[in-house]
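This briefing introduces a protein model to a reader who is new to structural description. Please keep the sequence and the three-dimensional view at hand while reading.

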Amino acid sequence: MFKRLPSLLPPLRDLPAVVRWRQWWRRQSPHRQDRYAMLAPLVAVLFFFAAIVVAFGYLRIEEIEREQEAVRRDVEYAQQRMRLRLLERQEELVRLAQEIANREIDTEQFRSRAGVLLAQYPELQGLSWVDERRRLRSYSGNAALAQSLTNASAYGSPPAAKPGESESAFALARELHQPIYAQRAASPDGSALLELHIPLFRRTQFVGVVLAEYSLDTLYRYGVPSEVSARYAVSLRDSRGEVLAGSIAPRRNRAGQLLSWASHANEYEVPVSPVGNGLVLHAQTYRASLGLVGSGLFWLVGTLSVMTAWMLLANWRHTRRRMQAQQALIVETNFRRAMENSMPTGMRALDLQGRITYVNAAFCQMTGWNESELVGCTAPFPYWPESERETLAARLEDELSGRVPPGGFQVRIKRKDGTLFDARIYVSPLIDARGLQTGWMTAMTDITEPNRVREQLYASYERFTTVLEALDASVSVAPLGTDELLFANKMYRLWFGDRSLGHVHLAHHAGIPSRVTEEDSHDAVDNLMGMPTSGLPDFEAENAEIYVEDLDKWLEVRTRYLTWVDGRLAQMVIASDITPRRLAEEQAAAQTERAQTASRLITMGEMASSVAHELNQPLTAINNYCNGMVSRIKARQISEEDLLGALEKTAKQAQRAGQIIQRIRAFVKRSEPNRTLSEITVMVNEAVELAEIELRRYNVRLSYFMADLPPLLVDPILIEQVLVNLLKNAAESIVQAQRPPELRRVELHVLPATVEGKPVVEFTVTDTGRGIAPEMMERLYEAFYTTKAEGLGIGLSLCRSIVESHQGRMKAENLYNGPDVTGCRFSFWLPVVEKQAGPVAPHAEQMSG
């Protein structure tokens, strides 16, 4: 085949590179030619083997990296689970320590509370209360552990705490004023222990620590997810690498050591926060890879590769014997014929006398005549219609004389069956290899379908114009820089007449200038002609709502730039009458305002008994002070100083009652919506003071936290209404759940957050009630849907409407402790406005015609 290769490529013979290659090939001996011919497939086989080896190596390296990434991700996940578990226990113990430091509980109460914590959290082995002199005040848990900690009996006189690491952690907690983790010797049953020293400070005086003992085995069992421990040998180790709890991976199989990359130990470790580097979570995969060479897949692919290479060589030798130059020539000829027959353009060749010398298959297919019927014909040709023969004869005369337009000309062609079609003909001279003209080459395309499409487009244009004329909106198009009006529909002419003044006014009040400067428009040339409207960032569509006094209508104006049919940059303005919609929006806003005011009145009506109780205290005090002063004045047993003191106390109680009444009046009074830059602290404090009246009646404790936050552009009364409703609902949920006094609490947090990359302020109200039933969650914000016997079902619906009117969002979710619902959390966020002064109004303008 290589000997005959130059003869197989007739079109490439004249190329310089091919000529030089043929000359070099002919200079070689037949023996060397055979050697070169045999060497090419062998080199290809070697490259094939090299590619297989590289592919296996790459796949093995990628597998190792993927396994390492999986181990790192799973270990980080297990560490986060264990960290959250430790932090939750630490938070419970810190609260217990605060109550001890504040003398809210004694030793017996500590033992009872500690017993509850030990029963609730299995990883806690014991809790001890040690005073500042390292004496054991009280403990709960394993008696052996407590005895090993203090070297004393369970109920004997409390000696000093044991020296060593515990003493060091005790001193460190006292100095740093924060919880300290430390490891200690194993418990009597042999399990490793972890100590947590929580300092007790009464004001600034150190009064001892609360010592918690964790079992690392139990912490490992509950802290490490089962899916992680099933895939890896997970263990807890100290800083020296000694295993404290968990499992140890078996030794790796030596079959995985056959190659250098198979000896990699797939393991990962990370310190457990908040303990630090003293406690490390270590994981190692159980599976030991068999390596690349030890894999049966490698040998299978290798065997198949050898067989493939052998078959390629055998097939090449067989094909070389069968290849002949005549077959290559036949293929080349068929290829050229296929190219000519596959062309959709009809080709016709004429000699200088106007006789047809060649037609391709497309030309025959268009006309319906075959090649033998057309070749050799002279004018008039069979495909000329009888009615247009004179015209076509004149066209042929121009064609033979070379007077043909470069863009071609359109004619009517008759098929063999008598049907006609439109065609466009292009004529060019036919030049042979010597550069001499031997005739004319004609290319013919069927344009019947394009003509039909053009007619349909024109009909569509007529229909589109009819639709625009029938629109109830004004549509106008005008170029920039001139007073010319390119298009105006019937509604525009009815409103503004045939002048462009209405277009200019509408575009101006929509926010985009429709004129250019006089310097750019003093001549008749459009400087913006041909500019693509899609590439103009300042020419995006604009919407505006304006009021036209001459029409006594509100119009919604939409503007957009477009390229007119002559290439000029034009502006389209669409104005729709939205007067009925504006009236409906104003009525809806008034209804919403009345509903919000009614909701506040209903809230205060529901809190009437609590408000009456709150007012009764200062009024009772005033009555007692007045009666006492009257009695002592009558008995002449009061001095001037005592009288002034009693009057001052009476005035303070009267001021307190007046503040309560003033706050309630400010909350329930009806006012116009007014969004201003409002301080979050003021809004939250007002809402908390109102809500605490109801919460005290329910014996519910309220705690709230606020960060240093910027002011918000809101209506403060509406936001206070949302907060009061959420706090009141939280208290009622706790009452319905019949929680014990220590669990009757509501928390309010106001913190900064980020939503979709934008800064917001998030308000969160958390209670300890029974949560929200799943069937209620979907209808939670539905108007007039309620589960309360005396409720109206408009509170949460109004709350969400208020939040969303401030471009915020509200959501609710249940809190779980395992499968049990422990409360509910309502949260909503409001966007932070960077620079905004004064109230804002809807985007609307007034225009006089």
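R103 is found in the loop between α2 (30-101) and α3 (107-120). The model described here is predicted. In that model, R103 has a positive phi of about 60°, although this residue is not a glycine. With a relative accessibility of 61%, R103 counts as exposed, because the cut-off for that class is over 50%. The points below set this residue beside other features of the protein.

**Overall composition**

- The protein contains 22 helices and 27 strands.
- Of its 849 residues, 37% are buried.
- Contacts between residues at least 6 apart in sequence were examined, and 60% of them join residues at least 24 apart.
- The accessible surface of the protein is about 48900 Å², and carbon and sulfur atoms account for 54% of that area.

**Backbone features in loops**

- R134 also has a positive phi, near 65°, and is a residue other than glycine.
- The position of R134 is the loop between β1 (124-131) and β2 (136-141), and its relative accessible area of 24% makes R134 partly exposed.
- The peptide bond that joins S273 and P274 is cis, with omega of about 10°; P274 belongs to the loop between β8 (267-272) and β9 (276-285).
- A cis peptide bond also leads from A379 to P380, where omega is near -5°; P380 is located in the loop between α11 (371-374) and α12 (389-401).

**Helix α20**

- Helix α20 covers residues 716-737, which are 22 residues in number.
- At 1.5 Å a residue, α20 should span 32 Å, and its end C-alpha atoms are 32 Å apart, so the expected and modelled values agree.
- Helix α20 is mostly covered, since 18 of its 22 residues are buried, where buried means under 20% relative accessible area.
- Just after α20, Q738 adopts a positive phi of about 55°.

**Nonpolar cores and a surface patch**

- The largest nonpolar core has 45 residues, and those with the most contacts inside it are F110, Y214, L216, L236 and L281.
- Helix α2 supplies the largest share of this core, namely ten residues.
- A second, separate core consists of 43 residues, among them L712, V746, F763 and L830.
- If neighbours within four places in sequence are left aside, the contacts of L216 are A192, L193, L194, L236, L244, A245 and L279.
- On the surface, L300, L304, M307, W310 and M311 make a nonpolar patch of about 570 Å².
- One member of this patch, M311, belongs to helix α8 (residues 296-322) and is partly exposed, with a relative accessible area of 46%.

**A pair distant in sequence**

- Q68 is placed in helix α2 and counts as partly exposed at 31% relative accessibility.
- Q68 and Q284 are 216 residues apart in sequence, whereas their C-alpha atoms are 9.8 Å apart in space.

**Salt bridges**

- Side chains of opposite charge can pair when their charged atoms come close.
- The structure holds 31 salt bridges.
- One of these joins K414 and E386, whose closest N and O atoms are 3.0 Å apart.
- K414 lies in strand β12 (residues 409-414) and E386 in the loop between α11 and α12, so this pair ties together parts that are 28 residues apart in sequence.
- K414 is buried, with a relative accessible area of 14%, whereas E386 counts as exposed at 52% relative accessibility.
- Another salt bridge links the side chains of E484 and R568, at 3.2 Å from N to O.
- E484 lies in the loop between β15 (474-479) and β16 (487-488), and R568 in the loop between β18 (553-563) and β19 (569-577); the pair therefore ties together parts that are 84 residues apart in sequence.
- E484 is partly exposed, with a relative accessible area of 37%, and R568 is buried, with a value of 16%.
- E692 forms a salt bridge with R696, and the closest N and O atoms are 3.8 Å apart.
- Because E692 and R696 are four residues apart in helix α19 (residues 680-697), about one helical turn separates them.
- Both residues are partly exposed: E692 has 24% relative accessibility, and R696 has a relative accessible area of 44%.
- Salt bridges that share partners join R85, E88, R89 and E123 into one network.

How values were computed:
Residues are numbered from 1 along each chain as its sequence is written. This is a predicted model: local features need pLDDT of at least 70, side-chain atom pairs count only at pLDDT 80 or more; totals for chains, interfaces and linings use all residues. Side-chain values use heavy atoms; hydrogens and water are left out. Helices (H or I, at least four residues) and strands (E, at least two) are DSSP runs, numbered from the N terminus. Buried means under 20% relative accessible area, exposed over 50%, partly exposed in between (1.4 Å probe, protein chains only). Contact means heavy atoms within 4.5 Å. Accessible areas come from the Shrake-Rupley method with a 1.4 Å probe; for residues, only the protein chains shown count as cover. The expected span of a helix is 1.5 Å times one less than its number of residues. Patches are made of residues with over 30% relative accessible area and no salt bridge: like charges are joined within 9 Å, nonpolar side chains (Val, Leu, Ile, Met, Phe, Trp, Tyr) within 5 Å. A salt bridge is a side-chain nitrogen of Lys or Arg within 4 Å of a carboxyl oxygen of Asp or Glu. A nonpolar core is a set of buried Ala, Val, Leu, Ile, Met, Phe, Trp, Tyr and Cys residues joined through side-chain atoms within 4.5 Å.
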